[in-house]
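Open the model in your viewer and keep the selection tool at hand. The tour makes three stops.

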Protein chains: 2
Amino acid sequence: MPPQLHLSPWEQGLSDQIKELKIKSGSHSPSVSMLRQAAPDIIFKIDACFLSNPYATDLFMSNLEREVIARGGLRALLEFYPAQNSTIAEQLGQTLNLRPENLFIANGATEAIQSVVHNFAKKKILVNLPAFSPHYEFAKTGHEMVFYYLDKKNNFELDLEDYLGFVRKEKPDTIILTNPNNPTGNYLRLAQMEYLLEALKEVETVVVDESFIHFAFEDPLYLPVSIAKLTESYPNLVVIKSMSKDFGIAGIRAGYGVMSEGRVKALLANGYLWNSNGFSEYFFRLCTQPKFWEEYEAIRKKHIIETQKFISQLKQIPMLRVYPSFGNFVLVELPDGYTARSVTTVMLGRYGIYVRDCTDKKGLQGEYLRIGSRSKKENDQIIKAFSQIFAPPAAAKPLWEKLFPKVPRRRP
Amino acid sequence: MPPQLHLSPWEQGLSDQIKELKIKSGSHSPSVSMLRQAAPDIIFKIDACFLSNPYATDLFMSNLEREVIARGGLRALLEFYPAQNSTIAEQLGQTLNLRPENLFIANGATEAIQSVVHNFAKKKILVNLPAFSPHYEFAKTGHEMVFYYLDKKNNFELDLEDYLGFVRKEKPDTIILTNPNNPTGNYLRLAQMEYLLEALKEVETVVVDESFIHFAFEDPLYLPVSIAKLTESYPNLVVIKSMSKDFGIAGIRAGYGVMSEGRVKALLANGYLWNSNGFSEYFFRLCTQPKFWEEYEAIRKKHIIETQKFISQLKQIPMLRVYPSFGNFVLVELPDGYTARSVTTVMLGRYGIYVRDCTDKKGLQGEYLRIGSRSKKENDQIIKAFSQIFAPPAAAKPLWEKLFPKVPRRRP
């Protein structure tokens, strides 16, 4: 009989609550505040479901406190209208060394994806699975979706030649790639991306979601990697970028797309012109400060190093299959007999740790969790919890002990 | 020779700066932060360009400070993902006594307008002019826009029969009305709206933007008026609502649309499912508290009363033509010889008061300003500034004094 988790009646109830909330919250996981409201008796400690560099949140908070709150400026961020997109694009263009005309500012990466898919995808969209669900959810009525399945035998890495063959066969007008991919963590190196882009010149729109690119690296110095600049050479390329994960500010909704000037103009003309809020406007302004950027670079590297350490510690738990990752999260496959829901429930109920149950992710065969890397202290707690849940069973008693149980010796 | 404003060289420079910023900031006015950055020597005192109940901002801030900041909860609003739209629709449905299935939560009213126009308008869109510019800016390529001009001789009030005749002639599939209208301030009473809706049953989509409805009234108690509930009887009706102006929180971007269940479903299926940020999520939750709502109602009425007082004080300045208004702003026509830009510049440069230059508003013949009503103290300062700028010229000296100037008498 395979090993199992035994849920207490309270945990069973919690499991049902999570299931119900999941249905309500659509394609994403229930938010922390939803969970808190529905199950106030959870002692919430670590949110490893959502993907965010916590040190970056610290950095943003300390700037906000010093530059805004201490100066009595919080009210102004809430009260007044933020600037329109083209104004913010100018600031961000300076920061990223990109032309503002190529930048489309969005209310989070999801809006950038949605607007690109709605405005530029024609008939057939190719998405790799498993994927971030908006990549296929945002298709409009009339769009045909085709899926290319990443192979778990190959650690979900993209086999370029096989993929290009699939593209030639299916002839999609739009393809969507995520690099590093979510939830698998696999990464296509710059040279591979360049090879792909050359081979995909006939595809009308090639969307590359680089929302996790700040956690990827190709050298021991963890220098930044991104293909955003290649939009100048490949007019069919659209690079999408969330700023929620790397900058730790999911609540303020900041993201952008990099694409040809004509496409940016088309989106602005279609009314996507005023999507920022007071806090994202402040954040984009903060990004123009060299000092902020320098401090950010240091914590970006720190988070990468700690994440890779966290992944290697998880690998030492023998019952788990831990996939390699260039994101700030890791995909973990559970052993037979364990369901993602029961482990999620136990992690939340016993340890206050919220992890991502991947049951609803298309293209994953088996039971998977996605675990976000948090601060070093939190990562250590996550490791400890998993080590306890997946402790190797106490060595089975040898047969002769079962047949001839030890009897305490009588005293002579 | 008509009266004129004489701008100092510094004011002339400021005027050019404002003009340049206006070009950069698209169809809207430059934001306060843009102005501050471009012209740091302005002593900024009152923003009467943007339309917002300042007492509501006070109320929101005091709740945010007590419930969030004092409890150390600010970080969570910035760090974590907000809930998706359908979750927020449930809360707002309770608050507004509307079915959540009829509610579409948006990143500000502009997103609601844009999504409705993009997804439901077919070929021909009718907009009344002057109007809030997104109502015609959000049309897609292929949409034909037709304009119905409100007549200034009639205080820009809508002549229902003439309008219905125009609709019958033009046969638009989508019409957009704003009630109260911006920037004119004119208001269609509930009975008039019902009459219109009955007569417009053949029009596929009737959008009514009620973003200023909280400042309108039909009785001496200023009881709330809205046709949102009529979406249940008129499936072609879409009511749009910004929460920026009445709740004083333009920076957090909160708005919604009320429409048939099928239309809400269609929008959610098209990917408009995750548009709120941490602060708007908190605000929607705050709205479910009866205590907040009670306090809000009191300051809503207070702001209406003060606004109507402000308008009647402005009317006492003989050189201005002040239009009646049911919004929290007032449209003012300048006398001959004064341009909206020069008055805007002088208001900003000499008094630190920012008003809306309406030069770019389609459908206004003449020179107009739109002036937002602020707190009583600020309104008094605005009145004072206008009274000084438009002071009646000193009484001309009688002819005999010019011919026989008074000579001081010699002492005997």
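**Stop one: a sheet in chain A**

Select Asp357(A): its bridge partner in β13(A) is Leu369(A). Helices (H or I, at least four residues) and strands (E, at least two) are DSSP runs, numbered from the N terminus. This is a predicted model: local features need pLDDT of at least 70, side-chain atom pairs need 80 or more, and totals for chains, interfaces and linings use all residues. Residues count from 1 along each chain as written, chains are lettered from A and ligands numbered from 1 in written order, and side-chain values use heavy atoms, without hydrogens or water.

Now show β12(A) with β13 (residues 368–372) of chain A; they pair antiparallel over two bridges (pairing takes at least two DSSP bridges). Widen to the open sheet of four strands, in the order β9-β10-β13-β12 (chain A), with antiparallel pairing. β9 (321–322) and β12 (356–357) of chain A are the edges; each has a single partner strand, so one side of each lacks a neighbour in the sheet.

**Stop two: Glu210(A)**

Go to the loop between β6 (205–209) and β7 (237–242) of chain A, where Glu210(A) sits. What is the nearest side chain of opposite charge to Glu210(A)? Lys241(A), 7.5 Å away; Glu210(A) is buried yet has no salt bridge. Buried means under 20% relative accessible area, exposed over 50%, partly exposed in between (1.4 Å probe, protein chains only). A salt bridge puts a side-chain nitrogen of Lys or Arg within 4 Å of a carboxyl oxygen of Asp or Glu. For charge, Lys and Arg are positive, Asp and Glu negative; His and chain ends are not counted.

**Stop three: Pro180(B)**

Select Pro180(B), in the loop between β5 (174–178) and α9 (190–199) of chain B. Pro180(B) counts as buried because its relative accessibility is 0%. Add Val208(B): it is 28 residues from Pro180(B) in sequence and 9.7 Å away in space, C-alpha to C-alpha.
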